[in-house]
Every structure is written in C-alpha cells, then in structure tokens.
Amino acid sequence: MPIRLLPETTVNRIAAGEVVERPASVVKELVENALDAGATRIAVATAGGGLSLIRVSDDGAGIPEDELALAVSRHCTSKLGDDIADIRSLGFRGEALPSIGSVSKLTLRSRTRQAQNGAEIRVEGGEVSVVRPAAGAQGTVVEARDLFFATPARLKFAKGERAEAAAVTDTLRRIALAFPQVRFTLSGPDRQTLEWPATDAGEDGRLARIAQVLGSEFPENAIALDAGREGVHLSGYISIPAYSRLTAQAQYFFVNGRPVRDRLIAGALKGAYADTLASGRHPVAALFLDLDPRDVDVNVHPAKADVRFRDPGLVRGLIVGGIREALGVSGIRPAGDRGAALAEAFRPAPTPPAWGERTRTGAGAFRAVRAPSFDPASSPQRPLEGWGGQGFGETAQATFLVAEPSADARAGALPPVADAEGSAHPLGAARAQVHANYIVAQTADSLVIVDQHAAHERLVYEALKEALQARPCPAQMLLLPEIVDLPEDDADRLGEHAETLGRFGLQLERFGPGAVAVRATPAMLGEVDAQRLVRDLADQLAEDEGPEALARRLNAVAAAMACHGSVRSGRLLKPDEMNALLRRMEAVPGSGTCNHGRPTYIELKLADIERLFGRR
Ligand code: ADP
Ligand code: MG
C-alpha cells in the first residue's frame, strides 16, 4: 500500500483510543471542559454505566454558534497560546470532542451570555452535522450516546454497567475535590443521586468538600498539611495512622488543581508513612501540589493524568518532609530503624568484646528477616510477662538476650524442654511470651519468634474460609445496632452485599443516606470494632468489581475480617495456649505468612546466633 494521509475520522478514532478509554474518561473530559468554561454548577447524568448515555450540563461561558464546528474539529482549542510549556487550563490538546464524536453519538448544545438563542451540532461516528438553532439557557450541554458503537472492539473491554458507573463516580469525586466552589450532581437510572453543594472559598471550603466527598469522619481523623520549598507548595489532608485503609484507593493527588495519578507522589506518601503504618495498610490522603506550570509537564499522555516534574527530587522531598513533620507535630514519633534497634538490643552492654566486623554481619543477618519492633530507648521498661504470672521484671531483656545455654531456667523462663515436649516440632516448644505479643520457642537447633497477632490472624482467616464452605458462620447479635457513616456509594455497595456478608455472620443493612446499621458481627471474631471492620470491608468491595469476583471477594472479606478478630498484640497467653497456637500453625497450610504477606514467625538458627556472639 502506498503511503497516504489517513481520513479525519480514522485519525480521530486513533486518538480516541487513548483519550476515551471508558465512560469515566468521557466524563472526565467533558467536566474538565465545563470547568475550563468557568462553570459553577455542573450536572452529570449517566445511563447504562455511561455506555448508553453520558450527559454533562454546565452554566459556563458557552460556545458561540460560529465556533461549534471548530469545537468538534481536531486540534482546535480556545485554551492554548503559543507556549506549550505554560498550561493553565485543564484542557489544551483540542482533541476530546472530536475523539468522543468519532466513537459515539455526540450532541453539543450551547449558548453564550450574549447570544439570543442557542445552537447545536451533532457528530455520529465521526460524521459532523450542520449547526442548527436550539433552545437552552446559558451554558453547554454535551451528550454522548451509545459510546463505542462505532468501535465494537473497544466496547468488548467495558467492564459492565456497575463497574463503569462506579468508575464514573470515582472520576467525578477526584475532580470535585479540586473544585470545592463548584456544585456537582451525579444522577441517572444506573445509580443513586450524589450531590456536592458548592462550598465557601478558602481552606474551610476545601475541608467541607473533602468531608462531602470522603465522608464526614475523615476530617475528624485528618491532619492538615502546609509545606513549601523552592516555589513548590504542598497542602491538603492526610489521615492519622490509626485511620488507615486496606487499599490505596482513598488517595487523591492534584497538581495545580488537576487530578493526577502519579507514582512519584504515591511513592512519597507511602515512604512518609513507612515507619508509622503496618505494611498492607494505606493512609487516606488528599494532596495538593501547586507550582509554576512551567515546572511540570502535563503533556505526557493524551489523558493528561500523568505528569512529569522538572525536579522530581524536590517534589518527593517536600512530600516526605511535609508529611513526616505533620505526623510528628501530631505526636506520632516514627519508630526508627527497627533492624538496627534489634541488633543494638543484642549487644551485651557491660563488656563490649571485639565487636567490629562480626556485629555488622550479625545486624545484616537480622535485617534480612522480619525484626520485631523493639525500641529499648523509647519504651520505658514495661515488665515483661512470663509464665504463670511470673513477670521477668526489669532485667529480663538482658537475661533473655545474653543467657548462657545452661541458664534456661533463670528469671522465669520454663524449665528445660525435653524433646518430646515439643522441640521436635518444626516450630518448637514455647518458652516465653515477650512484650505480650511475641512467642519465643525453642527447636532442636534454632530459636523461633512468633508474631502471635499475625499468626492468629492467618489461622482465623483459614478457619473463616473453611467455615464458609460448610454453612454460614455464627453471628453475635449486638445489644444496640451500630450505625456506621460512610460515603454514599460505599454504603450502597455494603447494602448490596448484605447477603454475602451475612454468610460470614456480619449482619448489616442500609440505614438512610450514607450509613449502614450493623446488627450482628461474626461470632468467630469476638469483640470487634464494627466501625473499622465495616470501613475495611467497604474498601475491599470497592476494589474488586467484575463478574467472577464473588469467590475472590469472599476470601478478601474473610481476610479483612480475620484481621479484626485476631488476638491483638497485648493479650497474654498461657503456655498451653502458646503451644496450641504453634501446633495449629504447623497444621494449617500457608500459616507462615499473615494475610498481608508478612511473615508470622522468624527462625534464628543456633548457628547464626553463635555467629552473632562470635562463637563461630
Ligand atoms: P480542549 O479542551 O483541549 O480545548 P476539547 O475538544 O475538549 O479540547 O474542546 C474544544 C473546545 O471546545 C474548547 O477549547 C472550548 O473552546 C470548547 N468547549 C468544549 N466544551 C465546552 C464547554 N462545556 N463550555 C465552553 N466551551 C467548551
Ligand atoms: Mg477538553
């Protein structure tokens, strides 16, 4: 075939492949256009998850009749001067409308303030109509029907009405956070109506919008950010570590008011919390970065959701520093380098031997396994609980740590174990519980330290899964139903899955707008914080859509529940309870890691311990 210039419709469909990935991307482009036009009220309606209909109406500046044809033409924009580096609007590429028009049935109806009448233009699968007069108030209404009718291959990738409707909600939520003074509504036969009224200007307004979108409980658990460095400003809100979530979904990033998905920002946020959050937990955050438009490139991808910073190190440093400081100001101290703290703890204080080389080897070896959090400097000597009510008392650490092989029985440890008593088992015989969470066990040739919380969590998870196969799990009725306030769509999803959750023994129902009432919790979990449990489950349900997701979802729900029902660290265990836990762990496949993938125990070979002491 000779080289030729492709027809306009084909070119637009190629562009549409990148700009219009799914209904949510159409909503994003149309709402951005409305915002660029200075709208203060934006109404979005969808049907069929946006696949049958998307309608975005605004009260913005409108499009003059004689520019309607240009608006739907490729590379036509009213927003970009000649400097591509200086972008101050959300749109600038001039390809959203022609792209959408090439894969759907598009109607663009608009009226400017000066015009007596409105006008409209249609594009169907790339075919542009003439401009006709049309009735309407000032502003613009854009309608896209039958999305992807012209590109059936793309239609096949659609995830189903519910998932697409949810993606639209998520998109609008991200945009709404950045424009608190604009009133947004989202409605349609495929959803419950959402409305976010316009808020006041300034910081109060922003916080009010955050409460509207993320739920009123977030501000109560949030810390404000305000940090700047070399022309870059960071503001917004982050959750206190105790208010963490099971997924990173509730993290919202904005660069100069533009919602972005950015690995650098996400990574910096994660890094900032590294010492304060268990892995597998994620903070809730709305981070706003503002900087000179010339210092950030938004022209990375046609969807404009990726950015590149001219100075990534500066931005990363600002986020990590700003958040760490905010967390510190709020009284949470990072735990520090745990590996180093552990190695430090193993150092026999009174008579430092030739400690150079070998110590470093030892510390390295310990860092490779999961170190229990152990910070002698920060924890005032809590008495360690030993056996049968015998506390080790103050010297226990030293005793335990530098004990001679022959000094087993010292300071409250158990009498020597005969092999028959358990040291022949893979996880050995329990010897002590320290810091009310770590079981120390002895095998023939090693020392095993079990994180009892993590281990128990895994066992509960496996038991829940097993129980599910058989029959519904028993439920524990609450004396008073517990009301949990949540964002509307979370409450919705929970309500929808009430029956599934019921099988786990969690009985809940919708309770008016934005709330659910919990009537019973799974008996297997014992005392649980129903609020936290329900929120984690909402996260879990939001994460996993898709038709074949039920089995996966059941497991995920079981995992989330197990985490709540587990023996919290802090519970003192009797010797036979400890040994029972060890034996259960040996019997249950997969119990070497907790549900979040962290190890449930570490094993230190005697040989390694001897190396650490310079005996080898
Ligand atoms: P871009 O937003 O990149 O300029 P679009 O294809 O999205 O490209 O829109 C083309 C042009 O149509 C815009 O530059 C703008 O002038 C006009 N336009 C689109 N939507 C609206 C709207 N809701 N209100 C006013 N003008 C609009
Ligand atoms: Mg646009």
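## A loop residue with positive phi

Ala436 turns up in the loop between strand 17 (429–434) and strand 18 (438–442); strands here are DSSP runs of E with at least two residues, helices are runs of H or I with at least four residues, and both are numbered from the N terminus. Phi of Ala436 is near 50°, which is a positive value in a residue other than glycine. Ala436 is also buried, with a relative accessible area of 13% (buried is under 20% relative accessible area, exposed is over 50%, and partly exposed is in between, using a 1.4 Å probe and protein chains only).

Lys304 is another case: its phi is near 60°, again positive in a residue other than glycine. Lys304 sits in the loop between strand 15 (296–297) and strand 16 (308–309), and at 4% relative accessibility it counts as buried. For background, most residues other than glycine have a negative phi.

## What the model is

This is a predicted model, where local features need pLDDT of at least 70 and side-chain atom pairs count only at pLDDT 80 or more, while totals for chains, interfaces and linings use all residues. Residues are numbered from 1 along each chain as its sequence is written, chains are lettered from A and ligands numbered from 1 in the order in which they are written, and side-chain values use heavy atoms, with hydrogens and water left out.

The protein chain has 20 helices and 23 strands. Of its 616 residues, 49% count as buried. Take the contacts (heavy atoms within 4.5 Å) between residues at least 6 apart in sequence: 69% of them join residues at least 24 apart.

## A helix wrapped up by its surroundings

In helix 4 (residues 96–103), 8 of the 8 residues are buried, so the helix is largely enclosed by the rest of the structure. The buried residues are Ala96, Leu97, Pro98, Ser99, Ile100, Gly101, Ser102 and Val103. They pack against three helices and three strands: helix 1 (8–19), helix 2 (23–36) and helix 3 (68–71), plus strand 3 (105–111), strand 4 (118–124) and strand 7 (139–145).

## Helix 15 against helix 17

Helix 15 (residues 488–496) and helix 17 (residues 530–543) pack at an angle of about 85°, and their axes are 9 Å apart. The axes are lines fitted to C-alpha atoms, for helices over the stretch in contact, and angles run from 0 to 180 degrees between N-to-C directions. That makes helix 15 roughly perpendicular to helix 17 (65 to 115 degrees counts as roughly perpendicular, under 35 as roughly parallel, over 145 as roughly antiparallel and the rest as oblique).

On the helix 15 side, Asp490, Arg493 and Leu494 meet Val534, Leu537, Ala538, Leu541 and Ala542 of helix 17. By class, this contact of helix 15 with helix 17 has 6 nonpolar, no polar and 2 charged residues; Ala, Val, Leu, Ile, Met, Phe, Trp, Tyr, Cys and Pro count as nonpolar, Asp, Glu, Lys and Arg as charged, and the others, Gly among them, as polar.

## Rings and charges

The structure holds 2 aromatic pairs. Rings of Phe, Tyr and Trp (its six-membered ring) pair if their centres lie within 6.5 Å, and planes under 30 degrees apart count as stacked, over 60 as edge-to-face and the rest as tilted. Phe218 and Tyr243 make a tilted pair, at 6.2 Å centre to centre with 40° between the planes. Phe218 is in helix 8 (residues 217–220) and Tyr243 in the loop between strand 11 (232–239) and strand 12 (251–255), 25 residues apart. Both Phe218 and Tyr243 are buried.

Phe254 and Phe288 are stacked instead, at 4.6 Å centre to centre and 10° between the planes. Phe254 lies in strand 12 and Phe288 in strand 14 (residues 285–290), so the pair ties together parts that are 34 residues apart in sequence. Phe254 counts as buried at 1% relative accessibility, and Phe288 does too at 4%. Phe288 also has a charge for company: the charged end of Arg206 sits over its ring, 3.7 Å from the centre. The charged end of Lys105 likewise sits over the ring of Phe149, 4.8 Å from its centre. Here, "over" needs NZ of Lys or CZ of Arg within 6 Å of the ring centre and within 35 degrees of the ring normal.

## Two buried helix residues

Glu164 is in helix 6 (residues 161–178) and counts as buried at 2% relative accessibility. Glu164 and Leu51 are 113 residues apart in sequence but 8.0 Å apart in space, C-alpha to C-alpha. Leaving aside neighbours within four places in sequence, Glu164 is in contact with Arg22, Pro23, Gly49, Leu51, Ala158 and Lys159.

Leu327 belongs to helix 10 (residues 312–329) and, at 3% relative accessibility, counts as buried. The C-alpha atoms of Leu327 and Leu225 are separated by 9.5 Å, with these positions 102 residues apart along the chain.
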